[in-house]
Amino acid sequence: MSTRGGGQQGQSGQGRGGDSSEVGTPKRKKRRGNKGDEQPLVPPPSPPPDDSRAVRVVYVGCEGESTEPDYLNHLNARFGDGSGHEGQRFRIQPVYKKNGYTPAQVVAAVRDKAEEDEAWALFDRDQHHDIPKALKEAAEDSTEVCFSHPSFDLWLLLHFQEFGGRQSGDSGIVVEKLRQAHPAFRNFDKRNDKSVTGARRTALGDDAEDLKKAVTRARSLVGQCEHGSCKAVNAKTYRYSRDNPPKSTTAWAARSGHAHDCEVLRRDPSTDVWRLVVSLGIVEDSSRSAASRGHGYSAGAWGV
């Protein structure tokens with residue numbers, strides 16, 4: 001994991017010592033101490049690094065070549081300076097290619113680009129057949145997964161309204177509702193235009209409170225999962241060390257808050273993009289424990 005920048009260490013102070021004997025007549029009992037009274041000088045501890053000046057670098061693999069990278073650049077432009085809830089500066093490095101990737105290719109591409117740095121993979125249900133492979137390889141490499149069922153477009157829609165109902169991998173209804181949700185998206189996904197720039201970016205809002213609404217709606221979908229035991233409060237949003245041993249696929253997929261035995265392909269509808277938003281410190285997740293609410297630099301913050 002990479003954190004660029006950082007604060008400056010403080011300088012250890014030096015004190016002055018010496019013995020001061022009594023001065024004047026016995027009536028003047030002003031003493032500053034003698035050798036027997038002297039205490040050893042201990043330099044003050046250096047302050048911890050100023051983490052507020054550090055820049056968190058996150059590589060995010062994208063299935064699509066337009067929508068997801070555009071949205072991630074929106075997060076960079078609006079909140080990358082640390083104006084989010086936690087004041088953490090960050091820089092997202094989108095990883096994508098023309099004509100897009102399959103889910104397994106997303107995981108492989110971001111792994112290669114990020115190397116040992118923090119890596120996330122965004123991919124959709126659609127009609128992909130390599131999702132099990134993508135999940136397995138992500139777990140083995142500690143690549144975080146943001147899975148959306150039926151598509152990333154659901155995450156965009158949640159900025160404007162709630163949504164529910166199985167879609168079976170077809171995002172047609174989601175896209176139609178997104179077009180109706182705001183005039184800027186009226187022609188979304190027409191003539192191959194799935195960009196999230198200009199008026200569409202403005203429509204999504206430029207305030208953390210606007211984004212918080214989407215997070216709340218996405219979290220509610222976890223609790224509505226037909227499995228019955230899935231809870232957003234169980235989701236993990238803190239950073240995970242990629243140096244830790246490999247995890248099982250089910251344990252890694254459960255970082256979304258869904259139960260270990262909840263099949264990923266049956267999480268319909270759902271989107272895990274909210275975890276990335278919370279992990280970046282843009283929006284507060286009230287369910288995060290004190291240990292995971294920090295910036296994640298201490299060893300105690302890591303875990304499944």
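## A loop residue between helix 8 and strand 6

Ala259 is placed in the loop between helix 8 and strand 6, and in this predicted model Ala259 is buried, with a relative accessible area of 12%. Along the sequence Ala259 and Asn234 are 25 residues apart, yet their C-alpha atoms are 8.6 Å apart in space. The loop between helix 8 and strand 6 (270–271) also holds Pro269, which is joined to Asp268 by a cis peptide bond with omega of about -5 degrees.

## Aromatic pairs

A pair of aromatic rings is described by the distance of the centres and the angle of the planes. Six aromatic pairs are found when the whole structure is searched. One of them is formed by Phe160 and Phe185, whose ring centres are 5.8 Å apart and whose planes stand at 70 degrees, an edge-to-face arrangement. This pair links distant parts of the chain, 25 residues apart, with Phe160 in the loop between helix 4 (153–157) and helix 5 (172–181) and Phe185 in the loop between helix 5 and helix 6 (198–203). Phe185 has a relative accessibility of 0% and therefore counts as buried.

Another edge-to-face pair is that of Tyr240 and Trp252, classed in this way because the angle between the planes is 75 degrees, with the ring centres 5.1 Å apart. Because Tyr240 lies in the loop between helix 7 (208–223) and helix 8 (249–253), while Trp252 lies in helix 8, the pair ties together parts that are 12 residues apart in sequence. Tyr240 is buried at 8% relative accessibility, and Trp252 is buried as well, with a relative accessible area of 4%. The ring of Trp252 has a further partner in Lys247, whose charged end sits over that ring at 4.7 Å from its centre. Elsewhere, Tyr71, Phe152 and Trp155 are linked by ring pairs into a cluster.

## Helix 1 and the largest pocket

Helix 1 covers residues 67–79, which makes 13 residues, and its span of 18 Å from first C-alpha to last is close to the 18 Å expected at 1.5 Å a residue. The buried residues of this helix include Thr67 and Glu68, along with Pro69, Asp70, Tyr71 and Leu72, and further on His74, Leu75 and Phe79. Tyr71, buried in helix 1, is also a member of the ring cluster with Phe152 and Trp155.

What is the volume of the largest pocket? The value is about 280 Å³, and the lining of this pocket consists of 17 residues, among which Gly64, Glu65, Thr67, Glu68 and Lys194 lie nearest the centre. By residue class the lining divides into eight charged, seven polar and two nonpolar residues. Thr67 and Glu68 thus appear in two descriptions, as residues nearest the centre of the largest pocket and as buried residues of helix 1.

## Backbone geometry

Most residues other than glycine have a negative phi, and most peptide bonds are trans. Besides the bond between Asp268 and Pro269, a cis peptide bond joins His149 and Pro150, with omega of about 15 degrees. Pro150 lies in the loop between strand 5 (144–149) and helix 4.

Glu115, in the loop between helix 2 (103–114) and strand 4 (118–124), has a positive phi near 55 degrees although the residue is not a glycine. Glu115 is classed as exposed because its relative accessible area of 58% is over 50%. Arg191 likewise has a positive phi, about 55 degrees, without being a glycine; Arg191 is found in the loop between helix 5 and helix 6 and counts as exposed at 82% relative accessibility.

## Partly exposed residues and their contacts in space

Which class of accessibility does His182 fall into, given a value of 28%? Since 28% lies between the limits of 20% and 50%, His182 counts as partly exposed. His182 lies in the loop between helix 5 and helix 6, and the C-alpha atoms of His182 and Ala203 are 7.3 Å apart in space, with their positions 21 residues apart in sequence.

Lys212 belongs to helix 7 and is also partly exposed, with a relative accessibility of 35%. Lys212 and Glu284 are 72 residues apart along the chain, while their C-alpha atoms are separated by 7.9 Å.

Methods. Residues are numbered from 1 along each chain as its sequence is written. This is a predicted model: local features need pLDDT of at least 70, side-chain atom pairs count only at pLDDT 80 or more; totals for chains, interfaces and linings use all residues. Side-chain values use heavy atoms; hydrogens and water are left out. Rings of Phe, Tyr and Trp (its six-membered ring) pair if their centres lie within 6.5 Å; planes under 30 degrees apart count as stacked, over 60 as edge-to-face and the rest as tilted. Helices (H or I, at least four residues) and strands (E, at least two) are DSSP runs, numbered from the N terminus. Buried means under 20% relative accessible area, exposed over 50%, partly exposed in between (1.4 Å probe, protein chains only). A charge sits over a ring if NZ of Lys or CZ of Arg is within 6 Å of the ring centre and within 35 degrees of the ring normal. On a 1 Å grid over the protein atoms alone, a cavity is a set of points where a 1.4 Å probe fits but cannot get out, and a pocket is an open set with protein on both sides within 12 Å along at least five of seven lines; lining residues have an atom within 4 Å of a point. Grid points are joined across faces, edges and corners, and a volume is the space filled by probe spheres set on the points. Ala, Val, Leu, Ile, Met, Phe, Trp, Tyr, Cys and Pro count as nonpolar, Asp, Glu, Lys and Arg as charged, and the others, Gly among them, as polar. The expected span of a helix is 1.5 Å times one less than its number of residues.
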